[in-house]
Amino acid sequence: MLNLVFDIIVISSNAKLFIRPLSWLLLTLLLVQVQFGYALNTQPEDTASEILPKSYEAVLARVIAAYPNLQSAVIQVQRSTLELDRIYATLTWKAAVDTSISHDLAGFGTPADSVVARGVLSRLLESGDSISLDASYNRVDNEIVFVPTLPNPSNDTAINLSYRKPLKKGAGNVEYQSRKEAARAQVSSSQAEEFELRDLLAKQVAGLYFGLATIEVNLDNTREGIDRLQRLLEYVERNKKLGVSEEKDILQSQARLDRKRAELASLETARNQQVFNLNRLMNIPATTQFTSQLDYSEQVIPDRESLLEEVFAYSPALNKAYASKKAAESNIDLQRNNKKDVVDVIVSVGARSKIGPAQETDIDETDLAGKVGLEYRAALDKSGLIAALQQAILSRDIADNQIHQLDIDLSNEVDRLQGLIRDQKKSIVSKIRLKEAEKQKFDEAVSRFRTGRTTTADLIIFEEDLSISEAALANAQVELVSSINELSRLRGTIWLTLDDYR
């Protein structure tokens, strides 16, 4: 402790104290030291971590990004797309080369050495026609020559350009077109399966998320009720001290307050479970805390015709059924083509050469070659081909029935949601009026209670009526947002804004 010594100077009869400059300096240093030490010992107050709100779209985007099965569905779409590339590749040029060296008996039973080389370049055209270019080289060296006029060794070279045109089976390259359409249908089906899984996840997330929102609005309503009942209990306790209230009034108020607190504890437990389940779907730590964030603004609902157009265009189940029908139709075309007979026209032109030494002279002969042919093949028993065609037709009929049923189901679902949203809006208007009436009734009862014109039991009943009306309104508003969200999922519009949250 610093002791300051002040020099006191007494002037005349007035006892005036003068502090010398040195004393002022010491006092200033003391104050600075105390303030500096206080600043060092001061610790910042801990602030509670802020719990941020998450919208349904933000939660869904996180679930979509973290769900493994959905990633597998995306890979399946990519795999189906590669099948198209494989089919397109069937129309590219193909090359084949064949070479051999042999020692064997020749045509006259004499030993001979031979070298054979052949190369073919061919391509199937989109029209079904095919073109090929082949070249061959054949060298034969006989050990014994029986015909002196023939060259030995002989070197034979041939080049051919051939063009095949199918007139019945294969005309228009039906097999290629059918496989291509079937592959496109498989891509559409894989995409529909991906969207089906997305919608299933969106529905599961919506159930948990809007369940959380319902619990949270009930929590808010319960806390408001606890505040009202706490004030009532304090008022009754004061009145009892004044001799105005009785013990039973305190017991009634306390019992009602305890029941509200029990409801609050149950709701908090339910909320924690909902948050845990959503965290598990989002693949984030289970202890992560967040609150729901609903958009209560007025949403414009299109007319029925526009809704049906959007729903039919997006519906994964309907698109999958259309893909099945498309695949069945391509299979019908393929089976009809397979049932036809083969009638092909083949045109070939080329050149030939034979070079080699003979007994009396060297031979070097070249000439042009050409051929026009007609090829015909037919199956003697077509019962299996007819059965395959009938199976394809039945598959198309099944797809048609599925499409028809889905049209009915989707139309009914649109009508149900439209009617539900319309009724919920009307219900909210009536619940707003009910809440206002219950609030006025409760406020009037509080005024009468203060003047002793109503009982504690009546006031508790009126508070419960108010609490019920508030909860009914809050729950109805959440249900309306949930129904609009369900309609958005049915239309597919929920996915249009999801990229903003990824």
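The paragraphs below follow charged and polar side chains through this predicted model.

Salt bridges are a natural place to begin, and the structure holds 29 of them. One of these joins the side chains of Lys165 and Asp129, with N and O 3.4 Å apart. Because Lys165 belongs to strand 5 (residues 154-166) while Asp129 sits in the loop between strand 3 (111-124) and strand 4 (130-142), the pair ties together parts that are 36 residues apart in sequence. Lys165 is partly exposed, at a relative accessible area of 40%, whereas Asp129 is buried at 6%.

Among the helices, Glu216 forms a salt bridge with Arg271, their closest N and O atoms lying 3.1 Å apart. This contact links helix 4, which carries Glu216, to helix 5 (residues 247-282), which carries Arg271, across 55 residues, and both partners are buried. Helix 5 also contributes Arg259, whose side chain meets that of Glu464 in a salt bridge of 3.5 Å, N to O. Since Glu464 lies in helix 9 (residues 456-491), this pair ties together parts 205 residues apart in sequence. Both residues are partly exposed, Glu464 at 26% relative accessibility and Arg259 at 42%. Elsewhere, Arg164, Asp344, Glu375 and Arg377 are joined into one network by salt bridges that share partners.

Returning to helix 4 (residues 174-241), one finds Thr222, which counts as buried at 4% relative accessibility and whose side chain reaches the backbone oxygen of Asn218 at 2.6 Å.

On the surface, by contrast, Asp362, Asp364, Glu365 and Asp367 gather in a patch of negative charge. Of these, Asp364 lies in strand 8 (residues 362-377) and is exposed, because its relative accessible area of 55% is over the 50% cut-off.

Note on methods:
Residues numbered from 1 in each chain as written. Predicted model: local features only at pLDDT ≥ 70, side-chain atom pairs only at ≥ 80, totals over all residues. Heavy atoms only, no water. Patch = residues over 30% accessible without salt bridge, like charges linked within 9 Å, V, L, I, M, F, W, Y side chains within 5 Å. Areas by Shrake-Rupley, 256 points an atom, 1.4 Å probe, with all protein chains shown as cover. Salt bridge = Lys/Arg side-chain N within 4 Å of Asp/Glu carboxyl O. Lys, Arg positive; Asp, Glu negative; His and termini not counted. Charge placed at Lys NZ, Arg CZ, Asp CG, Glu CD. Helix = DSSP H or I, 4+ residues; strand = E, 2+ residues; numbered from the N terminus. Buried < 20%, exposed > 50% of the residue type's maximum accessible area, 1.4 Å probe, protein only. Polar contact = N/O pair within 3.5 Å; in protein donor to acceptor, adjacent residues only side chain to side chain.
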